Amino acid sequence: MRPLRRMHVFVARWPPLYWSLVALLAAAPAVVVGLQYAEARRAREAWLDRRSILVTRHAVSIGDVLDAGDVETRPWPVALLPEGALDSLPAPAVAAAPMAAGEPVVSSRLGRPASSPVAALVPAGARAVAVPRGTAPLPLAVGDTVDVISALDAEAASVVATSAQVVHVDASTAVVAVEADELPATAAAIVTGGVTLALSGAPPE
């Protein structure tokens with residue numbers, strides 16, 4: 001007996017099963033439509049539902065300290081809410097990356113919690129040291145990356161720290177963040193007066 005014929009015979013012997021199958025098949029399209037409607041409603045609510053977050057009033061540079069005058073509260077669609085969006089500023093709130101005007105303020109683009117703006121830009125595990133800029137200083141800015149070179153003489157020059165991030169600059173010194181294991185050699189180069197900085201074109205990792 002063919003499979004289809006056997007199915008007909010089985011269903012004929014069990015009428016309740018037959019009508020249950022008919023009801024199930026009839027209800028299937030309604031279930032699918034209901035699920036699609038629910039999904040569409042959730043998507044619509046995600047767009048309409050808004051959360052108040054902080055956005056920048058103007059362009060922000062690395063190292064800028066943000067306060068209430070630099071940000072404003074604005075409703076933002078939950079569907080487009082960036083990860084780590086803030087509704088209040090930490091103290092201090094130091095920009096660790098450039099931000100455009102009207103950009104949401106997110107935790108990943110601020111320095112880590114610290115007691116001062118300079119400390120906020122020092123990566124976890126690193127150490128900040130003040131390196132004399134010398135008589136012919138590089139035109140450095142906060143956020144630049146440099147190598148620290150010990151150069152007591154031409155034959156003994158060596159790189160003692162690589163990819164150090166500049167976290168502060170003034171007329172006489174540049175404060176750079178070096179790895180903990182690079183600190184002794186960097187300090188020795190500073191103390192002996194044979195230290196110089198080389199600017200790197202690569203962004204900090």
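The following legends describe close-up views of a predicted model.

**View 1. An open sheet of five strands with antiparallel pairing.** The strands of this sheet follow the order β5-β8-β7-β6-β9. Strands β5 (126-132) and β9 (195-200) stand at the edges with a single partner strand each, so one side of each is left without a neighbour in the sheet. On average, and with direction ignored, neighbouring strands of the sheet are turned by 40° against each other. In general, the strands of a sheet pair through backbone hydrogen bonds, in either the parallel or the antiparallel sense.

**View 2. Strand β6 and the partners on its two sides, β9 and β7.** Strand β6, which comprises residues 145-150, runs antiparallel to β9 and is joined to it by six bridges. Within this part of the sheet, D147 stands opposite A198 of β9. Strands β6 and β7 likewise run antiparallel, and five bridges join them. Here I149 is the residue that stands opposite V159 in β7.

**View 3. The hairpin that joins β7 to β8.** Three residues make the connection between the two strands of this hairpin, and β7 and β8 pair in the antiparallel sense over four bridges. V166 stands opposite V176, the latter being in β8. V176 also belongs to the largest nonpolar core, where V176 is one of the residues that touch the most other members.

**View 4. Helix α4 lying across the strands of the sheet.** The helix, which covers residues 183-192, lies across β5, β6, β7 (158-169), β8 (173-179) and β9. With respect to β5, helix α4 runs at about 15°.

**View 5. The largest nonpolar core, with 15 residues.** The members that touch the most other members of this core are V131, L140, V146, V148, V176, V178 and L197. Strands β5, β6, β7, β8 and β9 each supply at least two of the core residues, and the largest share, four residues, comes from β7. Apart from this core lies another one, of ten residues, with L54, A93, A95 and M99 among them. In soluble globular proteins, nonpolar side chains tend to be buried together.

**View 6. The surroundings of L140, a member of the largest nonpolar core.** When residues up to four places away in sequence are not counted, L140 touches R133, V146, V166, V169, A174, L197 and L199. Of these contacts, V146 and L197 are, like L140 itself, listed among the core residues that touch the most other members.

**View 7. A salt-bridge network that joins R57, E72 and R74.** Between E72 and R57 the closest N and O atoms are 3.5 Å apart, and the two residues form a salt bridge. This pair links distant parts of the chain, given that E72 is in strand β3 (residues 71-77) while R57 is in the loop between β1 (50-56) and β2 (65-66), 15 residues apart. E72 also meets the side chain of R74 in a salt bridge, for which the N to O distance is 2.6 Å. The network arises from salt bridges that share partners. E72 has a relative accessible area of 25% and is partly exposed; R57, at 48% relative accessibility, counts as partly exposed, and R74 counts as partly exposed at 30%.

**View 8. The salt bridge between R109 and E103.** The closest N and O atoms of this pair are 3.0 Å apart. R109 is partly exposed, with a relative accessible area of 26%, and E103 is also partly exposed, its relative accessible area being 21%. The count of salt bridges in the model comes to three.

**View 9. A119 in helix α3.** The helix that holds A119 covers residues 117-120. At 23% relative accessibility A119 counts as partly exposed, because the cut-off for a buried residue is under 20%. Without counting residues up to four places away in sequence, A119 touches R112 and A114. A119 and H168 are 49 residues apart in sequence, whereas their C-alpha atoms are 9.7 Å apart in space.

Key: Residues are numbered from 1 along each chain as its sequence is written. This is a predicted model: local features need pLDDT of at least 70, side-chain atom pairs count only at pLDDT 80 or more; totals for chains, interfaces and linings use all residues. Side-chain values use heavy atoms; hydrogens and water are left out. Two strands pair if DSSP finds at least two bridges between them. Axes are lines fitted to C-alpha atoms, for helices over the stretch in contact, and angles run from 0 to 180 degrees between N-to-C directions. Contact means heavy atoms within 4.5 Å. A nonpolar core is a set of buried Ala, Val, Leu, Ile, Met, Phe, Trp, Tyr and Cys residues joined through side-chain atoms within 4.5 Å. Buried means under 20% relative accessible area, exposed over 50%, partly exposed in between (1.4 Å probe, protein chains only). A salt bridge is a side-chain nitrogen of Lys or Arg within 4 Å of a carboxyl oxygen of Asp or Glu.
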